[in-house]
Amino acid sequence: MAALATATLLTLGLAATPAAAQPATTPDTLTTAVPASLVPPRPSPDDVRRALTRIARDSDGRVRLGVIGRSNENRPLRLATVGHGHTRLLYVTQQHGDEPLGTPAAIRALWALGVPDTAWHRWLRSRITLDIVVQANPDGAVRNQRYNHDPSATGDYSEPGVGYDINRFHNPLTPIADNPVPESRAVLRLWQRTHPRIVVDYHMQGRYLQPDGEETTASLLWPTSPLVEAGAVTAGRQLAVRNTEAMTLAGANVTLYPGGDYEGIARNAYGILGSASLLVELSDLPEDQVELQIRSAFASMIATAQGAADRSLWRIDPARADRIPARGPALPGIQSTLELDAA
Ligand SMILES: [Zn+2]
């Protein structure tokens, strides 16, 4: 209860905040302000384009749009940026085309941080610059498939005749010119241009039980590659604690994601490069809980931005990450298409 009370105070902006004059707000008020018609839960690349264009217009240019590359089918890999502060953040959604719900959450977050112009919003935007790669795998999104589209794909982490698993091709030890995946190259180059302090990568998983018998709605993990330096691991653990608090307040049941050590996974790769890095996996829940899942990811995005802006993230005791429970077994009798998915 003590942890929850502290989280509530932080979310309400009531906890002591040194130096920075931070007007109070809450993710809830941000959520209710976002227009319901902004974006569908599983947006097509055209839906993403339309929503981002509307946000850029309605924000009077406070949300800036860019393109960081092209997919193999020549679809733009879209970047949206809000804020002009010193601390840079990078969120990535939908590297796996069949894991869509981080994308509507990101579009809502861009609206919520960029369109209103209160004192809190101006404060936040003066402290951070948030880059979001929205729907990093548009070719996979239009096919509802995990992989990118590359019929010539061969070798490890490919599905021959289909494409590559984008989230195995962020290896910072591989020369970028040798990387066969345009989506991964684009994100790596964006990292090299911006050196973000924080990278959060949004995915979806199957359905799992928690140790207490409840269903897990989301799982998180920081970098686990042995190549990641201790400071980046600590920062990733602090990020995990803050995200667990924020998502729990939004109704989520959060567990640890049992992820691997491979350095080509974005979670590990950007940790190796020195960012505070976090994987967020939303469970593939039934249709009536899709809105809960989008709100949960939205809460994660806002809390990370706020925690970076007021630096409260870096005052969190990283040992609290050890209290996040391990993910339990798969929910019996449920066959999710994401069941075999690994990040
Ligand atoms: Zn995934």
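Helices and strands here are DSSP runs, helices being H or I over at least four residues and strands E over at least two, numbered from the N terminus. With that in place, and bearing in mind that this is a predicted model, let me start with Glu229, whose place is in the loop between β10 (218-221) and α8 (230-249). Glu229 has a relative accessibility of 64%, and because the cut-off for exposed is over 50%, Glu229 counts as exposed. Its C-alpha atom is separated by 7.9 Å from that of Gly271, a residue 42 positions away along the chain.

Now to the metal site. The zinc ion is coordinated by ND1 of His96, by two OE contacts from Glu99 and by ND1 of His203, at 2.1 to 2.6 Å. The angles among these four donor atoms run from 55 to 147 degrees, and the site is irregular. Along the sequence, the donor residues follow the spacing H-x2-E-x103-H. His96 sits in the loop between β3 (87-93) and α4 (102-114), while His203 belongs to strand β7 (residues 198-205), so the pair ties together parts that lie 107 residues apart in sequence. Both of these histidines, His96 and His203, are buried.

Finally, a helix pair. Helix α5 (residues 119-127) packs against helix α10 (residues 290-309) at an angle of about 70 degrees, the axes being 9 Å apart, which means that α5 is roughly perpendicular to α10. On the α5 side the contact is made by Trp120, Trp123, Leu124 and Arg127, and on the α10 side by Ala305, Gln306 and Ala309. Of the residues in this contact between α5 and α10, five are nonpolar, one is polar and one is charged.

Note on methods:
Residues are numbered from 1 along each chain as its sequence is written. This is a predicted model: local features need pLDDT of at least 70, side-chain atom pairs count only at pLDDT 80 or more; totals for chains, interfaces and linings use all residues. Side-chain values use heavy atoms; hydrogens and water are left out. Axes are lines fitted to C-alpha atoms, for helices over the stretch in contact, and angles run from 0 to 180 degrees between N-to-C directions. Angles under 35 degrees count as roughly parallel, over 145 as roughly antiparallel, 65 to 115 as roughly perpendicular and the rest as oblique. Contact means heavy atoms within 4.5 Å. Ala, Val, Leu, Ile, Met, Phe, Trp, Tyr, Cys and Pro count as nonpolar, Asp, Glu, Lys and Arg as charged, and the others, Gly among them, as polar. Donors are N, O and S atoms within 2.8 Å of the metal (3.2 Å for Na, K and Ca); water is not among the atoms, so sites may look incomplete. Four donors count as tetrahedral if all angles lie between 85 and 135 degrees; four count as square planar and six as octahedral if opposite donors are over 155 degrees apart and all others between 65 and 115; anything else is irregular. Buried means under 20% relative accessible area, exposed over 50%, partly exposed in between (1.4 Å probe, protein chains only).
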